[in-house]
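Visitor: Hey, could you walk me through this one? I'm new to reading structures.
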Amino acid sequence: MSGQGKSIWDTLGDIPREVLYGVLLVVFVIPMIYPLGLPVPISANVLKWYKAVEDLPPGAVVMIDFGYSGGGEPELGPMAVAVYHHMLRRGDIKVICMSTSIEGPQLWDKAMAELRPEQRYGAVYGVDYINIGYIAGGETAMAAVGKDLRATTSTDYKGTPLDQYSIMDGIVDAHSFDLLICYTTGGDQSEGWVRQWYTVYGTPYMCSVLAMMVPTMLPYMNAGQIISVTSGAQAGEMEGLVHVPARGIKSADVITLTHMLCVVYVVIGNVAYIAKKFQGGSK
Amino acid sequence: MTSGAVKDLQNWGIILTAFSLGFGAVNLFYFHSKHISRRTPKQWMFSLWLLLVIVTFTAVGVFMGPTSTSYNWIYNASYFALSATVYSSLGFYMTSGLYRALRIKNIESTIFMVVGVIVLLKNAPALAVYFPTLSAWGSFIENVLTTSAQRGIMIGGALGAISLGVRTMTGIETGFLGKLTEEEKGGSEP
């Protein structure tokens, strides 16, 4: 019941934020506890990404930048794990990881704990995959690694010399890599790799960024400088393609329902606004 | 020879960035120690807490290693959880903002609302299955409208950066040195 002197349109036009938050929380939590299994269509960009990895020749070497921070992990982590699944399941791709984010090594550990490459795919650290750790400097670090990787870092993220790992045999500079992938919460990183690797060496490049960053990256993709740009929110699609349902699929239900709720909120707000205007009560 | 010089410069860049992280930590200690020693109201306890956290992370990282289980545990149990929570809370503010801001008040806000709703629905995975047209509209907005606008912003920004560079190198722009020109001071105004 609306308050004294307040019409139903006044009430609907000014719903307290606590109510908006409360309904959102309920809509958010229910599919997390009871997944609804709503369909997850595969978008063109995710398909392009999948095909790019699928088309890599046997023995290809991929550089991955874990350039995201803890805040972005719930969005980008599932995508990073799903893509690792794809590459390690093939068994003939070498994956070298570095981080332009200082939290990268910890987040990589987190991803590996979820992935369990040894148990699941028999992949061996230092033979099939490795992490060379955080390299400070942002774009300078990207340029330096592209020019001479070992001059930039001589150890992996645990401090063990890179020469002790067979995966690093023949890895010299950006020319040693067949594909570059970046997961990041920062525009400097996602755009920096275009400038420092694609433009200089022509290394094929793909990036997965926060959903709100996608519009910034689209001009690069449409110009052919990036093979595919995805948002972390599309992790469910990648999990569907690699047949490893996990956090991404679960969050796809949440994304669908919360987006629909947002539209319902917009409709309620506008109906109330227009109704008040017709009643002559609007300011 | 040029290649060697470039490599050296890049390595120096990395060293300087790494050094700046340490310098930042020293600066934090200096700044917050003053708050603690002066018992600044409503601040000093937060400063103390900040320094305690820095010391704890540094001590665990130095003595047990930044890849140790202990370091990962304190990172995951404290910073990671808090960071993800703060970022996720944006969703609530954005929902409330959508409800209040996307109102049909004039032509511009109507266009903004229509485009916003289409992109919202397009990005809801399940809806793209039941309403494929949404996907086509969303792609048009992203690939044509957004890309064009974004390119304009990028080109404008690049031209601005170039002109700023030229002005700085020719000594016209002195603001970065903390020195203002007569024009910047407003001295040339009548």
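Guide: Sure, one term to begin with: helices (H or I, at least four residues) and strands (E, at least two) are DSSP runs, numbered from the N terminus. This is a predicted model, where local features need pLDDT of at least 70, side-chain atom pairs count only at pLDDT 80 or more, and totals for chains, interfaces and linings use all residues. Residues are numbered from 1 along each chain as its sequence is written, with chains lettered from A and ligands numbered from 1 in the order in which they are written.

Visitor: Ok, which strands does helix 5 of chain A lie across?
Guide: Helix 5 (residues 104–115) lies across strand 1 (61–67), strand 2 and strand 3 of chain A. Its direction is at about 155° to strand 3 of chain A; axes are lines fitted to C-alpha atoms, for helices over the stretch in contact, and angles run from 0 to 180 degrees between N-to-C directions. Contact is when C-beta atoms, placed from the backbone, lie within 7 Å.

Visitor: And in what order do the six strands come?
Guide: In chain A the open sheet runs 3-2-1-4-5-6, with parallel pairing. Two strands pair if DSSP finds at least two bridges between them.

Visitor: Which are the edge strands?
Guide: Strand 3 (129–134) and strand 6 (228–231) of chain A, each pairing on one side only.

Visitor: New topic: how many residues of chain A are in contact with chain B?
Guide: 52 residues of chain A, against 47 residues of chain B.

Visitor: Which helix of chain A gives the largest share of that side?
Guide: Helix 12 of chain A, with 13 residues.

Note on methods
Two residues are in contact if their C-beta atoms, placed from the backbone, lie within 7 Å.
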